Amino acid sequence: MRNIITIVILGLTLAVSSMAEAKELLVDPSFEEGWDKWTNTYNPNNWSPLDLPDGKKALRCWWDGSMKQVVPVTTGKTYEFKASVSVPSNGDKENWACWLTLDWYDANKNKMGTAWTVAPQKSERGKWVNYNSGKQIAPEGAAFACIDFGVYQSNATPANPTDFDNFSLEEIK
Ligand SMILES: [Ca+2]
């Protein structure tokens, strides 16, 4: 009996420690509270919460605009950024873009470089597509990660509206 209890406790301890290995760094990563926890960096009037069929929320960009969230990271630790984006099938052929980016910043919040970026307008349109940065190690001197996303246009009609959801920036170890 004692052995069984020991094994159960050991199993629970392992389960808890494996859960603790991935830590979500973003505040309101899935836009359930709108975008109050994010910083608008362009065109605040072009964004609004989107009610999903399951009662949850996403974030909708009606034309163009950008958002970011900056969180502390530790040099040498591993991070993974995930997000879902739905870009409709309309829009001009060129002079607009959609992006998801993971940047590293130093302690003075100067940009050091881009760890990973993707252009969702090049993926399949008109459906939710999941993106994943893979494992990214914070370089020497990195003190912050910046998740930057949005829609850009230059005298063009971007695909609209574009929807964003299920963001995640996890510290893996
Ligand atoms: Ca959500």
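The exercises below walk through the fold of one chain, from overview to single residues.

This is a predicted model; local features need pLDDT of at least 70, side-chain atom pairs count only at pLDDT 80 or more, and totals for chains, interfaces and linings use all residues. Residues are numbered from 1 along each chain as its sequence is written.

**Exercise 1. Overview**

Task: State which secondary structure the chain holds.

Solution:
- Step 1. Take helices (H or I, at least four residues) and strands (E, at least two) as DSSP runs, numbered from the N terminus.
- Step 2. The chain comes to one helix and 11 strands.
- Step 3. Along the sequence, the pattern reads α-β-β-β-β-β-β-β-β-β-β-β.
- Step 4. Now turn to contacts: two residues are in contact if their C-beta atoms, placed from the backbone, lie within 7 Å. Among contacts between residues at least 6 apart in sequence, 75% join residues at least 24 apart.

**Exercise 2. The open sheet**

Task: Find the order of the strands in the five-stranded open sheet, then its edges.

Solution:
- Step 1. Two strands pair if DSSP finds at least two bridges between them.
- Step 2. The order is β2-β5-β10-β7-β8, with antiparallel pairing.
- Step 3. β2 and β8 (111-118) have a single partner strand each, so one side of each lacks a neighbour in the sheet. These two strands are the edges.
- Step 4. On average, neighbouring strands of this sheet are turned by 25° against each other, direction ignored. Axes here are lines fitted to C-alpha atoms, for helices over the stretch in contact, and angles run from 0 to 180 degrees between N-to-C directions.

**Exercise 3. Strand β10 and its partners**

Task: Describe how β10 is covered and how it pairs with β5 and β7.

Solution:
- Step 1. Set the burial cut-offs. A residue is buried if 20 or more other C-beta atoms lie within 10 Å of its own, exposed if 12 or fewer, and partly exposed in between; C-beta atoms are placed from the backbone.
- Step 2. β10 spans residues 144-153, and seven of its 10 residues are buried. In the chain, buried residues make up 26% of the 173 residues.
- Step 3. β5 (residues 65-72) runs antiparallel to β10, joined by eight bridges. Q69 has I147 as its bridge partner in β10. V71 stands opposite A145.
- Step 4. β7 (residues 96-105) is also antiparallel to β10, over 10 bridges. A97 stands opposite Y152.

**Exercise 4. The β7-β8 hairpin**

Task: Trace the pairing of β7 with β8, then the turn.

Solution:
- Step 1. Six bridges pair these strands in the antiparallel sense.
- Step 2. W104 stands opposite G113 in β8.
- Step 3. Five residues lie between the two strands of the hairpin. In this turn, K109 has a positive phi of about 60°.

**Exercise 5. Backbone points in loops**

Task: Is F31 buried or exposed? What about N95? Then locate the cis peptide bond.

Solution:
- Step 1. F31 sits in the loop between β1 (23-24) and β2 (39-42). F31 is not a glycine, yet has a positive phi of about 60°. F31 counts as buried because it has 24 C-beta neighbours inside 10 Å.
- Step 2. N95 sits in the loop between β6 (78-86) and β7. N95 also has a positive phi, about 70°, without being a glycine. N95 has 13 C-beta neighbours inside 10 Å, so N95 counts as partly exposed.
- Step 3. The cis peptide bond joins N160 and P161, with omega about -10°. P161 belongs to the loop between β10 and β11 (162-171).
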